[in-house]
Amino acid sequence: DTQGVSDTEVVIGSVNDLSGIFAAVGVPAVNGANLRFDEINAAGGVHGRQIRFVVEDNGYQIPRAMQGYNKLLNRDKVFAMLLSLGTPMNTAGFKLLDPKGIPNISPLSASVQMLQEPANNKFTGFSSYWDQVQAGVRYLAGEYDSKEVCSMYIPSDFGKEISDSTKAITSSLGLSFAAETTHKPDELDFVGSLTKLKSAGCDIVTMALGVRQGITVVGTAKKLGWTDVKFLNTSAGFLGVVAAVPGGVTEGLYASAGWVDLTARADDEVPAKFMADYNAKFDKPASGFSMLGYTAADTLVRALEAAGPDLTQEAFLAGMESLSYFDALTDTDITYSADDHRGTDDIVISVVENGMWRELSRQ
Amino acid sequence: MGDALLEIKNLESFYGPIMAIRGVSLKVEKGQIVTVLGANGAGKSTLLKTISGIMEPEKGQVLFKGREIQGQEPHRIVQHGIVHVPEGREVFPLLTVDENLALGAYTRNDKVGVQRDREMVFDYFPILAERRGQEAGTLSGGQQQMLAIGRGLMLSPEIMLLDEPSLGLSPLLVQEIFAILRRLNAEEKVTMVLVEQNARIALDLANVGYVMEIGRIVMDGTAERLMQSEDIKAFYLGHQEAGQRGERRWKRKKTWR
Amino acid sequence: MEVLQLLVSGLANGCVYGLIALGFVLIYKATEAVNFAQGDFMMLGAFVTLGLTNAEHMNLPFWVAAPLAILVMAVLGYLLDFFVLRRLFGQSQTAVVILTIALGFVIRFVAGVIWGHEPQTLESPLSIGDINIGGVVLGMADVAVIVVTVLLTLFLYQFFQRTKLGLAMQAASQNQMAAYYMGIPVKRVQGLIWGLSGATAAIAGILFASKGAIDPNAGLLGIKAFAAAVIGGFGSLPGALVGGLIVGVIEPFASRYFAAGYSQIAPYVLLLLVLVFRPNGLFSQVRVKKV
Amino acid sequence: MSLLEIKEATLKFGGVVAVNNLSLSVEEGEVYAIVGPNGAGKSTVFNLISRFYQPFSGSITFDGQNLLDRAPDQVADLGIARTFQNIELFDHATVLQNLLVGRHRHRKTSLVEELFFAPRVRREEIAHREAVEEVVDFLDLQPYRDKMIAGLPYGVRKVVELGRALATGPKLLLLDEPASGLSVEETQDMRWWIDDIRKQMGITVLMVEHDMGLVSSVSDRVLALADGAKLAEGTPAEVQADPAVIEAYLGVGAV
Amino acid sequence: MRILFKTSYNDDIRLFPDRWTLAVYAALLALAVLLPMLLDEFYIGEVTNVLIWAVAGLGLMLLTGQTGQVSLGHAAFLAIGCYTNTILIEAGLPFIVAFPLAGVITGIVGGIIAIPALRLHGIYLAIATIALSILADDIIVLLDPWTGGVSGKFPAVITIFGLEIERWTMPVRFYYLVLVVTMICTLFYRNLLRAPLGRAFAAVRDSEVSATAMGVHIARTKVKAFGLSCMITGWAGTLMGYYAGAFNNETFSLVISITLLMMIVIGGLGSIHGAFFGAVVVAFLPQALSIAKGAMIGGSVAIPGLETGVFGLILILFILFEPMGLYGRWLKIRTWFELFPFARKDMFRRQKSYLKTERLR
Ligand SMILES: Nc1ncnc2c1ncn2[C@@H]1O[C@H](COP(=O)(O)OP(=O)(O)OP(=O)(O)O)[C@@H](O)[C@H]1O
Ligand SMILES: Nc1ncnc2c1ncn2[C@@H]1O[C@H](COP(=O)(O)OP(=O)(O)OP(=O)(O)O)[C@@H](O)[C@H]1O
Ligand SMILES: CC(C)C[C@H](N)C(=O)O
Ligand SMILES: [Mg+2]
Ligand SMILES: [Mg+2]
């Protein structure tokens, strides 16, 4: 008897941020996943089982996240976790998931810790912040003969991973790490920090900030007349709205992420259908994170299918590890295997041009 | 008796479960000074608060010029011309003496009258004029009491409810205050309900008196009549100087109980 | 030059804190309550304007939308008092604090439902264009913030100092019962101040949104504005502005000259330092009770 | 040596000279009254003794010790207790608890003992309680023992405040207008109490009062104060007969 | 109605005023002990959580409810307790020593922090403590070598004389541990209230002027209040750390501080019951809402953040319904039953009340 599985139903859980500072990430992602689950449920479910997706709001607070886990694991008896948000919340959650062997699929955190040992029940959707920064800085340094690399980050594990990665790649490329600044999530003025970075002569600045802050930083730099610098965002700032800020504020901003932007491909068939469906269901335009949510749910559905009608944890893990397909929505290959628990290995580097993300390079 | 200016019928007021006024009725004629006497906790202040709307009665009526006003918001009651000078001063501590007085005239729009009344108040209490700019909270106790009375006068009321106006005032000022009240009553025809511990001076000023005990009116009558009553003499006027000092006191039983 | 730029940007920034702090101080001055939802009011004001003016919403001209939004927020503030806060009249201020904190939850939720959680940008004429004076750059929005904040502070200061209503508001905050004895309609007066603070929040929101993007969590800024108000001496309107400016100016200088990890704590360390030396803020409104 | 001695004390608030080069001495065992017009500086003298205000100049000694060396909270330890003109009780506590706070200076138990409510804490509590019950009996406060201050009538609060001061077991009791707001009957009680406090308990009393009846019936000496300075001093009869006092304070038709 | 005849002064300072109360609390304790036999793992987890919050609430209540000092920074002390305990255990101390010590150290730190805060009142203290809460986050990051910085720490399995206790794999054992700590803290709290210090707290809260005149050293009393409050809070923080199984700089955030204050106000300031009532509301209500929503419209998200929104709305209703907190309401209900059938319907109507400035001290 496997927890969360009955003849007619399989229960999937998620501890997400629906009201806190990362609600801009969590909400569209959960919506995207729900879109996929509704489709499959309408089509009769997976092996006759309906998928029930139970989401607990953590408001980006660990104590509330733990209550969410308590409910999902001990009351709802979920079969697997999907899209749980927040690095610290996820790592805390592993303490509960691992003893029961509950799979954790595509968490909304690109931290390397998402695949920490024991890794057999953990799967991530896309590349880590670490890898994204590595690839991004390498690309920019190669293209533009940059010398000085800098970093702006929120003092959290998300920020730390990005700044650490920046330092690592800087030294391995033989560049110099010139300066760093730290920021609170509620900071709104970056003149001081940018003046500092400018006077340090930064050519590349990696950013690990809130979405709204990222926009302000690029805008402020322009205002200060500092144009010979490349700002590099990660997947955490890779959103359509960032590119679409009126007045071309974010023009020339780079991002290194695990997928290809959605709005830029609005004319392609699969993204177009997704955007239309999403808009019809939620009355909001689809964003990159809604796409991510949809894709993650799709991955889970595929793994459930591959696991066969006799659903057990082992069968499911085997199913996950057997997946290998091209996902037209994110325009990437998704492959898992026994020693590869990361879906998309691609890292896509894009830049804002004319209010859209344009793909520059893919690795 | 003519039509009463203020009439209270069978009023009951509570503090949560505690019944502080138990069916009080009284009448105040226009131009009269009515005094309410009573021991501590008898409910005198509660009665005044209920009239001025600071408290809500549970039962009964307050009629002002024949109209029911009980339960109205206190500022509406002030607009009718009923002014309450509360017990315990209640000045605005962080505002200056001048500002406190200005607030007394909040409901008035006649600049000239307000100015005249301010002069009058300063005339009555020269120390207030001297301390115009001082924050009211730093005044001495008695000075605050003067300010509270002065502020009440600034409202130019038709009827004044005065709760222990002599509290904390020097003997000289007590005489002055009562002289002022007498003048206001005589010249401006201000009707007054006066609660006082100093029963002698209160009865001296008033036309009519009521005596309250534990929330009830236990005695009423003209001031002269009350002044003759043995009980009043014993308990409110302090006539019977209980024996020599050092002797244990005994308490006479009040006959109205 | 660099120092001048930092200073000027800091001042513009400080004015935003000052504006929110004004909202706190208004309420405090007239009711002695502390409105923990003031930051969320600001966010709501910004979103209301955005909803009225942005092309994908109602698409009104900005100069129509802005006054309209201010009006809407004023009415909202008044109604909030009328239907909710008035029921707490005379109850302890902690109850009001908790109520406004909970209100903040609700406002954020509502804003999230209506406008989503992704950052949005207000289509404001103020956000276009910079002014460059001898190398010191200042956005139009910054200029607007500075001008509006200074004017608003002066206006409110005069209002409290010179008008009868302003005086009545102060009286009501010091002694509600005595204010009633003077014939001041205390509840209505307090309703008015909530309306006024709603309007102030809307102004702050519009200017804030002109400086950058907004999302339902933008109200978190209120905490720093709190610090500003306290530095100024909670209850003093010029104090709110001065406090705001101090916090605003310290920030860019700290980020410029302090090491990473230390710079972002500067405003709070400053707050604590000010309080150690002046426990009631710079323009103290607290007195020792005379006994 | 006098119990309390104030020498040439001066205190100003801005332009207001509240206490002006004032000297006075209170002898052990007497009842000493201060009278004077409103704003004369009577309460300010009390506040100087309580160390709430620091005099600009002058000295205050109590029992031979320099009071100005002491912090406000140490004044009670020396054996000085006071009441306030406008009543300062702990409103959200019962009468009993208020009186027990008066015993604060006698506590000997440590934090840890109290945390574990060690037997000594219990013993001390019961001792405090016995001391307080004596005060309750003395002032007839039995009916109010467990009542919250917030709902008590003004007159009862005045008595509770007196009780709280007595519970500290003072040598010197400062009473700021003990009879204001009291009815004639209650003032009568107050008079007996002050008498007993002095005679039976041996406590020296320094009081400010406007009720001349009370002042003349209980006090040994009276000081009349005006504008912070001494106007007259002597027996109640002497002071009341002083023309300056009549002029500034009592008025001609004295009540 | 029960009428008590007291025959000695001891009656007034007993832990339980009378037999009946003793019986009620004994029954409550028995229920608490038997609870794991009645509830499943999920509910035991939730009850544990409520108890932990109640302990934290007791900590803050001592300061805010008893001494009148509003703190919006108590999450910082949760953090200090939690980190100290883990660091001590990592240094080799057994839990049975490290845990009490963690609280004591937090108390000492709290007392020291209180010294500059002594002159602050009301909103100034509240905002200063907000700053404390915010700074705690950064300080934890800066103290990386001890705290593990942003990566945080994972508390080891508790062993008490060889008995292992772990939140997730042994929820019942952990529940009993929390229950014992809760009882000890409640007892300490009760003891303080019936001792001189508790009265000094109330004196400082109600009137600093007359407390001083009675010989209460305001500063020292406040420092003690801070210290004791922080000690209890530190223990709660430690338990929270165990409950979460992981913590870092973001765990004990300002939101937690605010929630704590909200909790004690809604529960009822100044009473032990208030801390418990508040904990039930604040710690369990969101969960209850989530369960209710699951029952009504299925688990998946219809409106994001709905629970938080509804939670806010319910808190507003709580405050409007009873600004004195749930404990106040509880007392009224109890009085009603005690007086039954003589209680008047309108007996508990609120008489109009008015506020005066708190800007005078
Ligand atoms: N806030 C309150 N809460 C509860 N009971 C109260 C409150 N205020 C007054 N009472 C009670 O109501 C009764 C009447 O009080 P009130 O103040 O009207 O008396 P009073 O006659 O004015 O006495 P005093 O001469 O002391 O001013 C008293 O028994 C008192 O205990
Ligand atoms: N903190 C203060 N700031 C400014 N002036 C003050 C302060 N305290 C007292 N005063 C002034 O000092 C003078 C003396 O005040 P005090 O309270 O001692 O008078 P008092 O003799 O007790 O009068 P009363 O009989 O009215 O109580 C008054 O004029 C008062 O206005
Ligand atoms: C979605 C992400 C922006 C969340 C972030 N990576 C975190 O660690 O919490
Ligand atoms: Mg009265
Ligand atoms: Mg005085």
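Contact here means heavy atoms within 4.5 Å. By that criterion, no contact joins chain A and chain B in this predicted model, and their closest C-alpha atoms lie 36 Å apart. Chains A and D are likewise not joined by any contact, with closest C-alpha atoms 30 Å apart. Among the 8 pairs of chains that touch, chains C and E share the most contacts. The points below cover the ligand sites and one helix of chain D.

**Magnesium site in chain B (ligand 4)**

- The magnesium ion designated ligand 4 is coordinated by OG of S45(B) and OE of E87(B), at 1.8 to 2.4 Å.
- S45(B) belongs to helix α1 of chain B (residues 44-51), while E87(B) sits in the loop between β6 (82-85) and α3 (97-104) of that chain, so the pair ties together parts that are 42 residues apart in sequence.
- S45(B) has a relative accessible area of 14%; because buried means under 20%, this residue counts as buried.
- E87(B), with a relative accessible area of 23%, is partly exposed.

**Magnesium site in chain D (ligand 5)**

- The magnesium ion designated ligand 5 is coordinated by OG of S43(D) and OE1 of Q85(D), at 1.9 to 2.1 Å.
- This pair links distant parts of the chain, 42 residues apart: S43(D) is in helix α1 of chain D, and Q85(D) is in the loop between β6 (80-82) and α3 (95-102) of chain D.
- Both S43(D) and Q85(D) are buried.

**Helix α1 of chain D**

- Helix α1 of chain D spans residues 42-49 and is mostly covered, with 8 of its 8 residues buried.
- The buried residues of this helix include the magnesium ligand S43(D), and also T44(D), which has a polar side-chain atom 2.4 Å from an oxygen atom of ligand 2.
- K42(D), V45(D), F46(D), N47(D), L48(D) and I49(D) are also among the buried residues of α1(D).
- Just after the helix, R51(D) adopts a positive phi of about 70 degrees.

**Ligand 2, between chains**

- Ligand 2 is situated between chains B, C and D.
- There are 22 residues around ligand 2, of which R131(B), S140(B), G142(B), S43(D) and T44(D) come nearest.
- S43(D) thus appears in two settings: it is one of the residues that come nearest to ligand 2, and its OG atom coordinates the magnesium ion designated ligand 5.
- A backbone N or O atom of G41(D) is 2.9 Å from an oxygen atom of ligand 2.
- In the side chain of H210(D), an N or O atom lies 3.1 Å from an oxygen atom of ligand 2.
- Ligand 2 exposes 640 Å² when taken alone, and the protein buries 94% of that area.

**Ligand 3, in chain A**

- The residues surrounding ligand 3 are F22(A), V25(A), Y60(A), G86(A), T87(A), L108(A), Y129(A), F158(A) and A236(A).
- By class, this shell has 7 nonpolar and 2 polar residues, with no charged residues.
- Two side chains approach oxygen atoms of ligand 3: an N or O atom of Y60(A) is 2.7 Å from an oxygen atom, and a polar atom of T87(A) is 2.5 Å from an oxygen atom.
- A nitrogen atom of ligand 3 lies 2.5 Å from an N or O atom in the side chain of Y129(A).
- On its own, ligand 3 has 280 Å² of accessible area, of which the protein covers 98%.

Terms used
Residues are numbered from 1 along each chain as its sequence is written. Chains are lettered from A and ligands numbered from 1 in the order in which they are written. This is a predicted model: local features need pLDDT of at least 70, side-chain atom pairs count only at pLDDT 80 or more; totals for chains, interfaces and linings use all residues. Side-chain values use heavy atoms; hydrogens and water are left out. Donors are N, O and S atoms within 2.8 Å of the metal (3.2 Å for Na, K and Ca); water is not among the atoms, so sites may look incomplete. Helices (H or I, at least four residues) and strands (E, at least two) are DSSP runs, numbered from the N terminus. Buried means under 20% relative accessible area, exposed over 50%, partly exposed in between (1.4 Å probe, protein chains only). A residue is near a molecule or strand if one of its heavy atoms lies within 4 Å of it. A polar contact is a pair of N or O atoms within 3.5 Å; within protein, one must be able to donate a hydrogen and the other to accept it, and residues adjacent in sequence count only if both atoms are side-chain atoms. Accessible areas come from the Shrake-Rupley method with a 1.4 Å probe; for residues, only the protein chains shown count as cover. Ala, Val, Leu, Ile, Met, Phe, Trp, Tyr, Cys and Pro count as nonpolar, Asp, Glu, Lys and Arg as charged, and the others, Gly among them, as polar.
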